[in-house]
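Subject: The structure we talked about

Hi there,

Here is the structure I promised to pass on. Have a look at it first, and then read on for what turned up.

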Amino acid sequence: MKGKKNMVSIPMKTNPFVEKITSVKLINHETGQFFSIVYNFDFFPGTISLVAVVDFFNVYPNKNYTLSVSVFLDNGANYPVHATRIFIPSEQLIAISKNGLGKATGNFDFNLTIEQPCDFYLFFAFIPEGSSEHSGTFYSYHSFLKR
C-alpha cells in the first residue's frame, strides 16, 4: 500500500510506566570505578565486590519490593547472586505524580564470583510484594577474562 511504512511489532510491557527499573550503574567497590564491559582476573575463580546504584520509575511509596540479581553465563548456567528488600517511604520519592507514584534511587553491595573466563549478564528483577512475577527488569552484559 502506498504511504504505509513497514512496522515492527514489539510486545508491550504490562503497565509500562509503573514499578520499573530505569537504570543500574555498577561500581567496583574496591576502585570506585564503573564496572566495565570487560574485567580481567589474574586467576580463576575470581570474585569482585560491586555496588549497584538503581533508579526506580513510578514506584508506590510505603510498599515492600524485592530486588533480585542473578547471573546468566554463556554456557547456559545461571544462579542467584543477591536479593534485597526495598521499602521507599513517601518522603524519599521525587517527582511524585498526581496518582502518588514517584521516582527514587537506591544502592546495595554484592559479591560476584565467576569460576572461569566467560561472557555473562546480570539480570535484575524488581518484584512487588505479594506478586510472583517481576514488574521491572534490567540486563547488564559483561565478560570476565584471564589476564
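Let me begin with a charged pair. Arg-85 and Glu-129 form a salt bridge, with 3.6 Å between their closest N and O atoms. Arg-85 belongs to strand 5 (residues 78–87) and Glu-129 to the loop between strand 7 and strand 8, so this salt bridge ties together parts that are 44 residues apart in sequence. Arg-85 counts as exposed because its relative accessibility is 61%. Glu-129, with a relative accessible area of 48%, is partly exposed. Please keep in mind throughout that this is a predicted model.

**The other salt bridges**

How many salt bridges does the count come to? The count is 4, and two more of them are worth opening in your viewer.

One joins Glu-19 to Lys-63, whose closest N and O atoms are 2.8 Å apart. This pair links distant parts of the chain, since Glu-19 sits in the segment before strand 1 and Lys-63 in the loop between strand 3 and strand 4 (64–73), 44 residues apart. Is Glu-19 buried or exposed? Glu-19 is buried, because its relative accessible area is 8% and the cut-off for buried is under 20%. Its partner Lys-63 is partly exposed, at a relative accessible area of 25%.

Another pairs Arg-147 with Asp-42, and here the closest N and O atoms are 2.7 Å apart. Arg-147 lies in the segment after strand 8 (136–146), while Asp-42 lies in the loop between strand 2 and strand 3, so the two tie together parts of the chain 105 residues apart in sequence. Arg-147 counts as exposed, with 66% relative accessibility. As background, side chains of opposite charge can pair when their charged atoms come close.

**The strands around strand 4 and strand 7**

Back to strand 5, where we started. Strand 5 is joined to strand 4 by 9 bridges, and the two run antiparallel. Arg-85 turns up again here: in strand 5 this residue stands opposite Thr-66. Strand 4 and strand 5 make a hairpin with 4 residues between the strands, and in that hairpin Gly-76 takes a positive phi near 95 degrees.

Strand 4 also pairs with strand 7, in the antiparallel sense and over 9 bridges. To find this pairing by eye, look for Ser-68, which stands opposite Ala-125 in strand 7. Strand 7 in turn pairs with strand 8, again antiparallel and over 9 bridges. A handy marker there is Phe-124, whose bridge partner in strand 8 is Phe-138.

How much of strand 7 is buried? Strand 7 is mostly covered, with 8 of its 11 residues buried.

**Phe-120, a residue to click on**

Phe-120 is part of strand 7 (residues 118–128). Phe-120 counts as buried because its relative accessibility is 3%. Leaving aside residues up to four places away in sequence, Phe-120 touches Phe-35, Val-71, Phe-72, Leu-73, Leu-112, Ser-140, Tyr-141, His-142, Ser-143 and Phe-144. For a sense of scale, the C-alpha atoms of Phe-120 and Thr-22 are 21 Å apart, with their positions 98 residues apart along the chain.

**A three-stranded sheet**

There is also an open sheet of 3 strands in the order 1-3-6, with antiparallel pairing. Strand 1 (20–28) and strand 6 (102–114) are its edge strands, each pairing on one side only. From one strand to the next, the twist averages 25 degrees. Strand 3 (residues 46–59) and strand 6 run antiparallel and are joined by 12 bridges. Within that pairing, Val-51 has Asp-109 of strand 6 as its bridge partner. In general, strands of a sheet pair through backbone hydrogen bonds, either parallel or antiparallel.

**A nonpolar patch on the surface**

Which residues make the nonpolar surface patch? Ile-37, Val-38 and Leu-145 do, and the patch covers about 260 Å². Val-38 is found in strand 2 (residues 38–41). At 39% relative accessibility, Val-38 counts as partly exposed.

Happy to go through any of this together at the screen.

Best wishes

Terms used. Residues numbered from 1 in each chain as written. Predicted model: local features only at pLDDT ≥ 70, side-chain atom pairs only at ≥ 80, totals over all residues. Heavy atoms only, no water. Pairing = 2+ DSSP bridges. Axes fitted to C-alpha atoms, helices over the stretch in contact; angles between N-to-C directions. Buried < 20%, exposed > 50% of the residue type's maximum accessible area, 1.4 Å probe, protein only. Contact = heavy atoms within 4.5 Å. Patch = residues over 30% accessible without salt bridge, like charges linked within 9 Å, V, L, I, M, F, W, Y side chains within 5 Å. Areas by Shrake-Rupley, 256 points an atom, 1.4 Å probe, with all protein chains shown as cover. Salt bridge = Lys/Arg side-chain N within 4 Å of Asp/Glu carboxyl O.
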